[in-house]
Amino acid sequence: MSEGAAKKEEKPRKFQAVRGTRDLFPPETELWNRVERAAHEVFATFGFGEIRLPIFEPTELFARSIGEETDVVSKEMYTFVDRTEKLGPEPKIGAFGIFIEKVRELYRSGEIPQTGGNQLALEHMESAWKKFNGLSPDVAISLEDLDNAYQMTAYMDAMRLGIEISLRPEATASVCRAYVEHGMQALPQPVKLYYMGPMFRRERPQKGRYRQFYQIGAEVLEKEVASGEWPLEARGKRVASKEGKEVTSGPPQAGVASKELAKDAAVDAEVIEMVIAFFDRLELQGVQLDINSIGDRNCRPKYIELLRAELLKVKDKLGLDSQRRIETNPLRVLDSKLESEQGIIATLPRIGDHLCEECATHYAAVKHQLEMRGVIYRENWRLVRGLDYYMRTTFEITAKGLGSQNAVCGGGRYDGLVELLGGPPTKGIGFAIGEDRLILSLQESGKGVVATGRDVYIAWMGERAHATAIRAAKDLRKAGFSVELPPVEQKFGKALGQADKLGAKYALILGDNEVSEGLWTLKTLADGSQAKYTEPDLLEHLSKQRALKL
Ligand code: ATP
Ligand code: MG
């Protein structure tokens with residue numbers, strides 16, 4: 001078929017953005033930019049630096065960190081195999097030796113992913129090749145060699161060129177991966193990083209809930225000081241050794257442990273203070289901070305058992321989701337919004353009454369630290385988070401105008417996550433702000449208005465004026481004004497109408513008279529007033545007006 005014929009047959013098709021994704025465009029994007037600029041500025045004042053992360057990562061990273069049982073990992077991730085084609089083409093049997101050598105090289109260089117499965121397949125291919133004798137022309141091929149040949153091709157088929165990849169549903173796991181990968185534990189601690197960008201979760205789209213949404217988040221990571229590295233006087237009782245030197249023995253002094261807890265609490269509080277400072281800067285309305293402590297490895301398992309036992313007693317009165325969660329994740333029952341369950345939940349044991357001493361000390365210190373910073377909070381014993389890695393401090397911030405999707409920020413402490421990802425024992429605390437919801441809330445409360453339009457619309461007529469107009473536009477833009485320069489001349493009436501439509505503040509009128517006199521006419525569109533300026537005076541006048549925010 002000729003190209004022309006093909007085109008005729010193809011019906012033009014209109015495309016739409018995929019469900020749960022959307023386009024953002026002016027003037028709204030101006031608000032997004034303002035929000036992001038504020039984040040850069042506020043976070044920098046707290047000593048945070050930006051990290052830019054990949055949009056996709058090995059699925060395994062999320063499965064390990066967020067937890068296989070969570071909704072996010074079990075059903076919401078966009079997952080695919082990077083390359084589905086197989087290793088090939090299959091070599092002639094005599095060339096298998098060379099082929100295997102090539103595969104080994106590709107494996108070594110990482111071109112073929114260094115996964116357990118691929119390593120095993122390679123080893124099996126090699127051992128079958130070593131056993132293979134079927135190349136001699138004089139000997140009939142044996143059954144054993146047929147099997148060896150079969151093994152070689154079967155394992156070749158089993159090699160996977162791609163790994164399973166997921167679009168990131170959140171970024172904490174990536175930040176921790178990067179911390180380990182780049183040996184950031186060698187940097188001055190703590191390492192304070194923030195990020196912003198799109199995240200992906202296959203959820204039911206609704207107001208404030210999308211499949212591609214945006215988060216602004218930050219993390220504080222700090223390598224744990226092993227007790228052996230504690231300052232000498234902190235390690236334990238001082239005793240004299242045989243050689244007469246002073247050494248230490250016995251358990252560390254309680255003072256050190258509590259100093260660590262106090263330090264963690266101050267870090268938690270400062271991170272929360274930073275989010276609040278950011279929201280204040282944006283004048284976000286109806287900000288409500290809820291905090292809780294969900295215990296640690298010591299006390300949470302015992303509490304969960306207690307909770308489970310109590311839930312089993314009232315199982316019949318719970319909805320199906322909660323009944324299921326009694327087994328899988330009883331903490332999530334506390335999160336239930338189901339009206340009929342609220343009365344029962346109110347009678348359940350509260351984690352606050354079952355924290356171990358360390359967690360209780362830490363939680364009390366966090367509250368004290370928040371008070372010192374003038375951060376207003378509400379304790380919410382039912383606040384649990386959906387991701388597995390949280391411990392001790394958890395918090396959530398809600399804002400006005402969002403209906404039931406009213407959480408704009410979630411965060412918490414996650415000591416141990418970096419270690420789980422192959423790094424050294426490391427403490428972590430962070431948060432993620434839902435930027436889409438933040439923006440919705442600003443818009444709903446009238447704080448999302450951003451100035452658009454142009455500063456100056458240049459209305460010009462005549463060839464000589466055109467050259468002047470081009471020069472004027474260049475100078476004004478250099479001085480930071482936004483300028484609209486029509487590409488063809490227009491009657492002044494039409495040009496002024498156009499300037500109005502674009503929301504310009506001023507029209508700069510350049511005709512033959514203006515050019516020959518060297519006096520340019522500036523019209524203020526709001527009140528219609530007009531004045532004449534020389535070129536340098538005009539720039540000065542506009543700059544003054546800008547400084548006065550007029
Ligand atoms: P929710 O309970 O609302 O589903 P979450 O606990 O799943 O939130 P986190 O994983 O803690 O949310 O993410 C932090 C923030 O990211 C949330 O408070 C919310 O503002 C935002 N967020 C999460 N999922 C979405 C989504 N699908 N669309 C828009 N924003 C989202
Ligand atoms: Mg969610």
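E283 sits in the loop between α10 and β9 (288-293), and its backbone is a little unusual there: phi is positive, about 55°, although the residue is not a glycine. With a relative accessibility of 43%, E283 counts as partly exposed. The model is a predicted one, and its chain averages a pLDDT of 89, with 92% of the residues scoring at least 70. Over residues 234-242, though, the pLDDT is below 50, and this stretch still has 31 contacts in the model beyond near neighbours in sequence. Residues 246-252 also stay under 50, and for them the model has 22 contacts beyond four places in sequence.

R392 is another non-glycine residue with a positive phi, here of about 50°. This arginine lies in strand β11. R392 counts as buried because its relative accessible area is 6%, under the 20% cut-off. Two cis peptide bonds can be added to this list of backbone details. The bond from P26 to P27 is cis, with omega near 0°, and P27 is found in the loop between α1 (3-9) and α2 (28-45). Q189 and P190 are likewise joined by a cis peptide bond, with omega about -5°; P190 belongs to the loop between α8 and β5.

That brings up helix α8 itself. Eight of the 10 residues of α8 (residues 172-181) are buried, so the helix is largely enclosed by the rest of the structure. The buried set runs through T172, A173, S174, V175, C176, R177, A178 and Y179, so to speak a mix of side chains. As for what does the covering, the elements packed over these buried residues include β2 (56-58), α3 (59-66), β5 (191-200), β6, α15 (417-420) and β13. Just after α8, G183 takes a positive phi of about 55°.Turning to the nonpolar interior, the largest core holds 98 residues, and those touching the most other members are V35, F43, F278, F279, L334, F431 and I433. Helix α10 (residues 254-282) supplies the largest share of this core, 11 residues. Apart from it lies another core, made up of 19 residues, with L476, F481, L510 and L538 among them. In soluble globular proteins, nonpolar side chains tend to be buried together. F43 gives a feel for the packing in the largest core: leaving aside neighbours within four places in sequence, F43 is in contact with F48, Y194, I216, M274, F278 and F431.

Next comes the ligand site. Ligand 1 has 15 residues around it, of which R201, E203, R209, R385 and A407 come nearest. Three strands, β6 (212-223), β12 (407-413) and β13 (426-434), each supply at least two residues of the shell, and β12 gives the largest share, four residues. Several atom pairs between protein and ligand stand at short range. An N or O atom in the side chain of E203 is 2.6 Å from a nitrogen atom of ligand 1. On the oxygen side, a polar side-chain atom of Q215 lies 3.0 Å from an oxygen atom of the ligand, while a polar backbone atom of A407 is 2.7 Å from an oxygen atom of ligand 1. On its own, ligand 1 has 580 Å² of accessible area, and the protein covers 85% of that.

Q405 belongs to the loop between β11 (391-398) and β12. This glutamine is buried, with a relative accessible area of 10%. Its side chain makes a polar contact with the side chain of Q206 at 3.0 Å, and another polar contact, of 2.9 Å, joins the side chains of Q405 and R209. R209 is also one of the residues that come nearest to ligand 1. Setting aside neighbours within four places in sequence, the contacts of Q405 are with Q206, K207, G208, R209 and R437.

K478 offers an exposed counterpart: its relative accessible area is 70%. The residue is placed in helix α17 (residues 463-478). K478 and T524 are 46 residues apart along the chain, and their C-alpha atoms are separated by 21 Å.

How values were computed:
Residues numbered from 1 in each chain as written. Chains lettered and ligands numbered in written order. Predicted model: local features only at pLDDT ≥ 70, side-chain atom pairs only at ≥ 80, totals over all residues. Heavy atoms only, no water. Core = buried A, V, L, I, M, F, W, Y, C linked by side-chain atoms within 4.5 Å. Buried < 20%, exposed > 50% of the residue type's maximum accessible area, 1.4 Å probe, protein only. Contact = heavy atoms within 4.5 Å. pLDDT = per-residue confidence, 0-100. Near = heavy atom within 4 Å. Polar contact = N/O pair within 3.5 Å; in protein donor to acceptor, adjacent residues only side chain to side chain. Areas by Shrake-Rupley, 256 points an atom, 1.4 Å probe, with all protein chains shown as cover.
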